[in-house]
Amino acid sequence: MAPPPDQGDQTAVVLTTALVTFITGYLFGVFTSRGYLISPALSDEREHNLRDPVESDESDIDEDDSLLDHAPNWANGELADRRQGLRVEKRDDKAAAKVDEHSNEECKLVLVVRTDLGMTKGKIAAQCSHATLACFKALARAAPDSPQRRTLARWERNGQAKIAVQVKGQDEMLELRRKARAAGIPAEVIQDAGRTQIEAGSMTVLGVGPAPKSLVDQVTGHLKLL
């Protein structure tokens with residue numbers, strides 16, 4: 001009868017088996033991640049997907065343009081904004097202080113979009129985003145204890161309400177901006193760079209607010225929803 005295996009031999013076999021299993025699994029993972037163990041068809045499909053991601057049907061950026069070519073210059077400072085048409089007129093700070101009288105009222109931002117330019121949905125969304133940021137920056141520049149900053153904080157705290165409405169021309173848009181600023185409401189116009197769909201310098205969207213609802217409605221309440 002053969003003698004029973006030595007305890008040390010059994011331990012060596014277990015350790016060797018575990019080590020071989022670990023190395024095999026590690027190498028399998030490395031080769032799989034690098035595509036060596038994937039069929040040529042699957043490998044080609046993966047490479048194609050990486051090179052050609054799916055794009056939205058509403059994309060309006062030309063292939064030859066940078067993703068930011070159509071956007072205003074968002075560098076800090078009023079000079080950079082003025083070059084892009086964000087601050088064409090000075091705001092009446094005394095009128096702006098009147099907005100603080102409605103300190104208990106919910107605030108909202110209205111985005112007035114020109115429909116006569118023929119912008120696509122994607123283009124409108126981009127221009128509305130620019131207008132939202134322009135209005136935010138206009139209020140954020142004010143002193144920390146100013147009525148403008150208190151209005152901005154209240155708008156942020158209560159959900160940042162935004163409404164999109166429509167106008168049919170530039171003259172109507174500029175008249176709305178004049179009325180808003182006369183009432184002490186932030187009003188910022190976005191001018192497009194003209195690299196995609198519309199002529200350079202076209203005024204696309206007017207942002208009115210954020211400001212108390214009752215004041216904003218006095219300026220834009222008669223407009224139709226977009």
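1. Start with one residue pair. In this predicted model, Val110 stands opposite Val208 of strand 4. A second pair links these strands: Leu111 has Gly207 of strand 4 as its bridge partner. Strand 1 covers residues 107-114 and strand 4 covers residues 203-212. They pair in the antiparallel sense, over 6 bridges.

2. Helix 8 belongs with this pair of strands. It spans residues 213-220 and packs on the sheet. It touches strand 1 and strand 4. The direction of helix 8 makes about 150° with that of strand 4.

3. Now look at the other pairing of strand 1. Strand 1 and strand 2 run in the parallel sense, joined over 7 bridges. Here Lys108 has Ala161 of strand 2 as its bridge partner. Strands of a sheet pair through backbone hydrogen bonds, in either the parallel or the antiparallel sense.

4. Next, the whole sheet. It is open, with 4 strands in the order 2-1-4-3, and its pairing is mixed. Strand 2 (161-167) and strand 3 (187-191) stand at the edges. Each has a single partner strand, so one side of each lacks a neighbour in the sheet. From one strand to the next, the twist averages 20°.

5. Is strand 1 enclosed or open to its surroundings? Buried here means under 20% relative accessible area. By that cut-off, 8 of the 8 residues of strand 1 are buried, so the strand is largely enclosed by the rest of the structure.

6. The side chains of strand 1 point two ways. Cys107, Leu109, Leu111 and Val113 point one way. Lys108, Val110, Val112 and Arg114 point the other way. All of these residues are buried, Lys108 and Arg114 included. In a regular strand the side chains alternate between the two faces of the sheet.

7. Helix 6 also meets the sheet. It comprises residues 147-157 and lies across strand 1, strand 2 and strand 4. It runs at about 90° to strand 1.

8. Helix 6 has a helical partner too. The axes of helix 5 (residues 121-140) and helix 6 come within 8 Å and cross at roughly 135°. That angle makes helix 5 oblique to helix 6. Helix 5 makes the contact through Thr132, Phe136, Leu139 and Ala140. Helix 6 contributes Gln148, Arg149, Leu152, Trp155 and Glu156. By class, the contact has 5 nonpolar, 2 polar and 2 charged residues.

Conventions. Residues are numbered from 1 along each chain as its sequence is written. This is a predicted model: local features need pLDDT of at least 70, side-chain atom pairs count only at pLDDT 80 or more; totals for chains, interfaces and linings use all residues. Side-chain values use heavy atoms; hydrogens and water are left out. Two strands pair if DSSP finds at least two bridges between them. Helices (H or I, at least four residues) and strands (E, at least two) are DSSP runs, numbered from the N terminus. Axes are lines fitted to C-alpha atoms, for helices over the stretch in contact, and angles run from 0 to 180 degrees between N-to-C directions. Contact means heavy atoms within 4.5 Å. Angles under 35 degrees count as roughly parallel, over 145 as roughly antiparallel, 65 to 115 as roughly perpendicular and the rest as oblique. Ala, Val, Leu, Ile, Met, Phe, Trp, Tyr, Cys and Pro count as nonpolar, Asp, Glu, Lys and Arg as charged, and the others, Gly among them, as polar. Buried means under 20% relative accessible area, exposed over 50%, partly exposed in between (1.4 Å probe, protein chains only).
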